[in-house]
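Q: Could you take a close look at the aromatic residues in this model and walk me through how they sit with their surroundings? I would enjoy one connected account.

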Amino acid sequence: MLWGCVNAYQDADALRATLPALAAIVDRLVLVDGAYKDFPRFDSTTWSSTDATREIARDHGALLVEATPGIDEPAKRTRYFVGEPGDWYLVVDADELACGAIDKSFLPLSDVDDYWVAFADEDAPWQVDRGRRVFRLHRHRPGMRYVGTHHALHVPDASEPRGVRLVLDEGLPAIPGLRLAHVKDRVRPRWREEPKTVYYERLKADEYAFRGAHGI
């Protein structure tokens, strides 16, 4: 099973473009909806999206998962992992188009559990590689979770002294045949993008602190 995973909050305009493309190349969709800690909310009375995000997800047959109020981003993203051992997860942001396809017959035979996905050039055909890679394709291992930020996973591993292995977004192969590209003009309103810039500065600081604490 190949799951397409989406982290969303007030993303109806973007999802109208991106969910059909993702649904066409995966077996099942899971969308985790809601704001998370430190990210500005659209409506102070609810953590859930108040636009058509949830309706669009349902229209595409997505499994809709609620983000727990007050949750942070790594914990919210960990809620993607709803499948079973051997399933795969392709993680795509709400404003990212999946271009191309994944050879699903290859995945069960792979001896690699995590892959980079390449980004296409936003101002050129999707086949043009920007040289950027993102940590977005993962094989299910029971108990795995994002830590620090969404750029590292903790994976249970009995061979490790602490019983867990840290998987980083470095040194991975890129999955062939697939690229991601941002939706043209991003389609997100200014009220959402400006606070997000402030949030990402905080997220970057958290990641540096996490890497420093782990000596990486």
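A: Happy to, and let's begin with two rings: W88 is buried, and Y115 is buried as well. Please keep in mind that this is a predicted model. The ring centres of W88 and Y115 lie 6.0 Å apart with the planes at 45°, so this pair counts as tilted. W88 belongs to strand β4 (residues 88-93) and Y115 to strand β6 (residues 114-120), so their pairing ties together parts that are 27 residues apart in sequence.

In total, the count comes to 6 aromatic pairs. Another of them joins Y80 and F81, with 6.5 Å from centre to centre and 75° between the planes, an edge-to-face arrangement. Both Y80 and F81 are buried. These two also belong to an aromatic cluster, which Y80 and F81 form together with Y89 and Y146.

Now for the nonpolar surroundings. The largest nonpolar core has 29 residues, and L90 and L137 are the members that touch the most others. At least two residues of this core come from each of β1 (2-8), α1 (12-23), β2 (28-33), α2 (53-59), β4, β6, β7 (129-139) and β11 (174-182). The largest share, 4 residues, is supplied by α1.

L137 brings us back to the tilted pair: leaving aside residues up to four places away in sequence, L137 touches both W88 and Y115. Its other contacts on that basis are L2, Y89, L90, I102, L107, D113, D114, V117 and I175. Y89, one of these contacts, is also a member of the aromatic cluster.

There is a second core, separate from the one above, with 23 residues, including Y9, F81, W116 and V167. F81 therefore has a place in this second core, in addition to its edge-to-face pairing with Y80.

Finally, a small detour to a sheet. Three strands form an open sheet in the order β8-β9-β10, and their pairing is antiparallel. β8 (145-147) and β10 (164-168) are the edge strands, each with a single partner, so one side of each has no neighbour in the sheet. From one strand to the next, the twist averages 40°. β8 and strand β9 (residues 149-156) run antiparallel and are joined by 3 bridges. Within this pairing, R145 stands opposite H154 in β9.

How values were computed
Residues numbered from 1 in each chain as written. Predicted model: local features only at pLDDT ≥ 70, side-chain atom pairs only at ≥ 80, totals over all residues. Heavy atoms only, no water. Phe/Tyr/Trp six-rings, centres within 6.5 Å; stacked < 30°, edge-to-face > 60°. Buried < 20%, exposed > 50% of the residue type's maximum accessible area, 1.4 Å probe, protein only. Core = buried A, V, L, I, M, F, W, Y, C linked by side-chain atoms within 4.5 Å. Contact = heavy atoms within 4.5 Å. Pairing = 2+ DSSP bridges. Axes fitted to C-alpha atoms, helices over the stretch in contact; angles between N-to-C directions.
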